Amino acid sequence: MAANIDLKSISSVTEVLKNWTYLPYLQYFSGREQCAEAYLAQYKEITEDCLDDKGALLAVTKGNWFAGLRRIAGESESLNLKMARLEPLIFNETSFDIATIAQGAKFLREVLDRASDIQHVAAPVSSADTFSQLVLQECGFKLADTIVCHHIDLEKMADSPANKYVRQATPADVEAVAKIAERSFSDRRLSLNRFLCDPHFDAALVGKMYAKWTTAAILNNDCDANMVFDDGKIAGFYTFRLPHHRGADAKIGLAMAVLSAVDPDQARKGVFGSLQQAGCQWLKENGAKIVEVKTVLPNKPVNRVCQKMNSNVVFTYHTFHWARQA
Ligand SMILES: CC(C)(COP(=O)(O)OP(=O)(O)OC[C@H]1O[C@@H](n2cnc3c(N)ncnc32)[C@H](O)[C@@H]1OP(=O)(O)O)[C@@H](O)C(=O)NCCC(=O)NCCS
């Protein structure tokens, strides 16, 4: 391991990110430095000793290993569990052996000790980063899900005519949309979202959280576009965000497909496909260049629609979960 990283120096943190093998979105930047700077810009603050609820990243280093821990305030409140996200986790594997993996796990335990009130941690790691995956497992993390990240290039996407059943949501749609969200996201048979694959979460609370989230998306304009499929009755919804003003997405015109669900009674009739097509068209008309759609590996309809829209799978990652033993 090299000398310790100086966390007080932003250039020192940029340096460690710059050398991260799994630095996301690198293909869109002219160099690693620019990409690392954009990645870092998503965090309002990097701190060494405080995990606040305003989004600061608690950074812990050992040699050139780096772990960032961020409290997830809103979801913690909704799900009655104090949660954090471990990201980025940078080991940049130096030696693939059992002793080094054990050292990595010791380092991670120290990171978790820094936030002793945290009860649950989610850690996303590239599917290619098998070293970090072994370290996480050694430390007691368990595999929760595998995410596929699609990018749809809007500049190459052919314009599509308006679909007469798809429109922007209005406050009058809130009840129907929230009902679909609550039903879809509280039932493991309908959705394998990141909470329902972990028995530490209460499925009914998860459904209520998504219902509340969709309500806020429509009423408070938390998202830039909230599309509904309405053929006399709301059959599904899809929310989208234009490129954020911070971080990598602002630099590369990356918009996000945020949340979608279709009434289970209206499934397999092309509702989701129509919503995604209309949403992408709207994002294109509003200046976005790329749309990111993330879904769990077994979600056949979402992966299928993305493939039909000529998406590129730009990365895949596994999310590991850890829960503090009482
Ligand atoms: C995922 C979901 C939105 C799909 O909605 P949908 O309206 O049924 O999907 P579509 O009818 O547009 O189907 C899209 C494609 O997937 C195929 N498909 C749909 N369901 C499928 C299934 N269970 N297995 C295999 N293929 C399936 C369709 O045939 C279609 O392909 P085609 O155009 O080649 O015929 C819906 O099932 C849902 O709400 N699930 C729970 C919430 C969720 O997972 N949201 C997405 C989070 S990323």
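Helix axes are taken here as lines fitted to C-alpha atoms over the stretch in contact, and the angles between them run from 0 to 180 degrees between N-to-C directions. In the predicted model examined here, the axes of helix 4 (residues 98-113) and helix 5 (residues 130-138) come within 8 Å and cross at roughly 60°. That angle makes helix 4 oblique to helix 5, and the crossing in which helix 4 passes helix 5 is right-handed. On the side of helix 4, the contact is formed by T100, I101, A102, G104, A105, L108 and R109, and these residues meet F131, L134, V135, L136 and E138 of helix 5. Sorted by class, the contact of helix 4 with helix 5 comprises eight nonpolar, two polar and two charged residues.

A further helix pair is formed by helix 6 (residues 174-184) and helix 7 (residues 203-219), whose axes come within 8 Å and cross at roughly 150°. Because angles over 145 degrees count as roughly antiparallel, helix 6 and helix 7 are therefore described as roughly antiparallel to each other. Helix 6 passes helix 7 in a right-handed crossing. Helix 6 contributes V174, V177, A178, A181 and E182 to this contact, whereas helix 7 contributes G207, K208, Y210, A211, T214, T215, I218 and L219. The contact of helix 6 with helix 7 divides by class into eight nonpolar, three polar and two charged residues.

Helix 9 (residues 271-285) and helix 10 (residues 300-308) pack with their axes 10 Å apart and at an angle of about 45°, and the two helices are therefore oblique to each other. The crossing of helix 9 past helix 10 is right-handed. Within this contact, F272, G273 and Q276 of helix 9 meet P301, V302, V305 and C306 of helix 10. Five of the residues in the contact of helix 9 with helix 10 are nonpolar and two are polar, with no charged residue among them.

The ligand is surrounded by 22 residues, of which the closest are V262, R268, G270, R304 and K308. Of these closest residues, R304 and K308 fall within the range of helix 10, residues 300-308. In the side chain of K308, an N or O atom is placed 2.5 Å from an oxygen atom of the ligand. Backbone atoms also approach the ligand, as a polar backbone atom of F272 lies 2.9 Å from a ligand oxygen atom, and a backbone N or O atom of K269 is found 3.3 Å from an oxygen atom of the ligand. F272 thereby appears both in the surroundings of a ligand oxygen atom and in the contact made by helix 9 with helix 10.

Two features of backbone geometry were also noted in the model. The peptide bond that leads from E87 to P88 is cis, with omega near 5°, and P88 is located in strand 4 (residues 83-90). In the loop between helix 3 (73-79) and strand 4 lies N80, a residue other than glycine for which phi nevertheless takes a positive value, near 60°.

Terms used: Residues are numbered from 1 along each chain as its sequence is written. This is a predicted model: local features need pLDDT of at least 70, side-chain atom pairs count only at pLDDT 80 or more; totals for chains, interfaces and linings use all residues. Side-chain values use heavy atoms; hydrogens and water are left out. Helices (H or I, at least four residues) and strands (E, at least two) are DSSP runs, numbered from the N terminus. Angles under 35 degrees count as roughly parallel, over 145 as roughly antiparallel, 65 to 115 as roughly perpendicular and the rest as oblique. A crossing is left-handed if the near helix is turned anticlockwise from the far one by less than a right angle, and right-handed if clockwise. Contact means heavy atoms within 4.5 Å. Ala, Val, Leu, Ile, Met, Phe, Trp, Tyr, Cys and Pro count as nonpolar, Asp, Glu, Lys and Arg as charged, and the others, Gly among them, as polar. A residue is near a molecule or strand if one of its heavy atoms lies within 4 Å of it. A polar contact is a pair of N or O atoms within 3.5 Å; within protein, one must be able to donate a hydrogen and the other to accept it, and residues adjacent in sequence count only if both atoms are side-chain atoms.
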